[in-house]
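Biologist: Before I plan around this model, I would like a close look at one part of it, the aromatic pairs, with whatever surrounding detail helps to place them. Please take me through it carefully.

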Amino acid sequence: LDRIVALLPAKKAAQLDVDLKIAIVGRPNSGKSTLLNSFLGYDRVVVSDVPGTTRDSIDEEFNFRGKRIRVIDTAGLKKKSRMTDAVEYYSLNRTVESIARADVVVHLIDALAGLTETDKKISDEIMKARRVAIIAVNKWDAIEKATKTFEEYRDRLIFKFYRAMDFHIMSISAQTKQRIHKLLSIAIELNERAKLKITTAEFNKALSDIQGSHRLPILGETAKIYYGTQTGERPPAFKIFVNNAEFFRKDVVRFLEKAIQERFQLQGVPLRIEVEGKKVQKVMVEGKD
């Protein structure tokens, strides 16, 4: 069957199930169409140096290491305040729609332009949709190299936008296909992690260890976790029962989120944590907000 699928034209193959859906997003001229062409191995869309050439979303499918992948190429996301016509408004809506349709979002950042306000808005949309995301710093081949160059670039990026630390960050060149295979491999791996199912016993052992570490950022209150359980996947969702939900402020839940990610190797995967206490109504706190 795999051999038959590989030989099918793209339009016919699109009717078959896929293992992973990837959305490519980024500001105009960040290299989205070039990356799509690098994935496919042939020119499916027109690549131009003029920002905003690709106005619509274009889906294509291909096989990679036994996985069938659907890639969603999107028009650039622009600030609503700068949109002056219906075409730009349509572009924004299609970008948000593409993020919602994807399992993993590849957010391209132009290495030469650096992180922009538009990039931050794109990340906000990804976090709102609660999608696994990879920040791919594109055009890395155009950067003059020095010792620890990328580590320093990554640190500056996180300094400018601290929520970037929640994403997997890597450098690529869509033009020269540098680290394109690694990008796809990481996307597949993160998508599999997002489907992780943790038994109630495993999860409660983790909560016990976290609480026993005495590192919860509590300010004098007597906060206690009774037990918890996983309630969903993609993204992983958990419900934690506590003595008082008011004690579990956003910073406390954020600490729990990072501790759970580290415990179960879910770095780069957004979590959804619901806290319910005896004394007050339940409080919902979502990671990557």
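Modeller: Starting from one residue, Q261 touches L266, Q267, V269 and L271, once its neighbours within four places in sequence are set aside. Q261 itself belongs to helix 9, which covers residues 250-263, and it counts as buried because its relative accessibility is 2%, where the limit for that label is under 20%. All of this is read from a predicted model, in which pLDDT averages 80 over the protein and 76% of the residues score at least 70.

Turning to the aromatic rings you asked about, a search of the whole structure gives five aromatic pairs. One of them joins F203 and F238, whose ring centres are 4.6 Å apart and whose planes meet at 15 degrees, so the pair is stacked, given that planes under 30 degrees apart count as such. The two partners come from distant parts of the chain, since F203 sits in helix 8 (residues 200-212) and F238 in strand 8 (residues 237-242), with their positions 35 residues apart. F203 has a relative accessible area of 1% and is therefore buried, and F238 is likewise buried, with a relative accessible area of 1%.

A further pair is formed by Y227 and F241, with ring centres 4.6 Å apart and planes at 20 degrees, so that this pair, too, is stacked. Y227 lies in strand 7 (residues 225-232) and F241 in strand 8, so the pair ties together parts that are 14 residues apart in sequence. Y227 counts as partly exposed, because its relative accessibility is 43%, a value that falls between the 20% limit for buried and the 50% limit for exposed. Elsewhere, W140, F150 and Y153 are linked by ring pairs into a cluster.

For the helical surroundings, helix 7 (residues 180-194) offers a check on geometry: its 15 residues should span 21 Å at 1.5 Å a residue, and its end C-alpha atoms are indeed 21 Å apart, so the two values agree. The buried residues of helix 7 include I180, L183, L184, I186 and A187, and I188, L190, N191 and A194 are also buried there.

One caution concerns the start of the chain, where pLDDT stays under 50 over residues 1-15, a stretch for which the model has 14 contacts beyond four places in sequence. Where pLDDT is low, the predicted coordinates should not be read in detail.

Terms used:
Residues numbered from 1 in each chain as written. Predicted model: local features only at pLDDT ≥ 70, side-chain atom pairs only at ≥ 80, totals over all residues. Heavy atoms only, no water. Helix = DSSP H or I, 4+ residues; strand = E, 2+ residues; numbered from the N terminus. Buried < 20%, exposed > 50% of the residue type's maximum accessible area, 1.4 Å probe, protein only. Contact = heavy atoms within 4.5 Å. Expected span 1.5 Å × (residues − 1). Phe/Tyr/Trp six-rings, centres within 6.5 Å; stacked < 30°, edge-to-face > 60°. pLDDT = per-residue confidence, 0-100.
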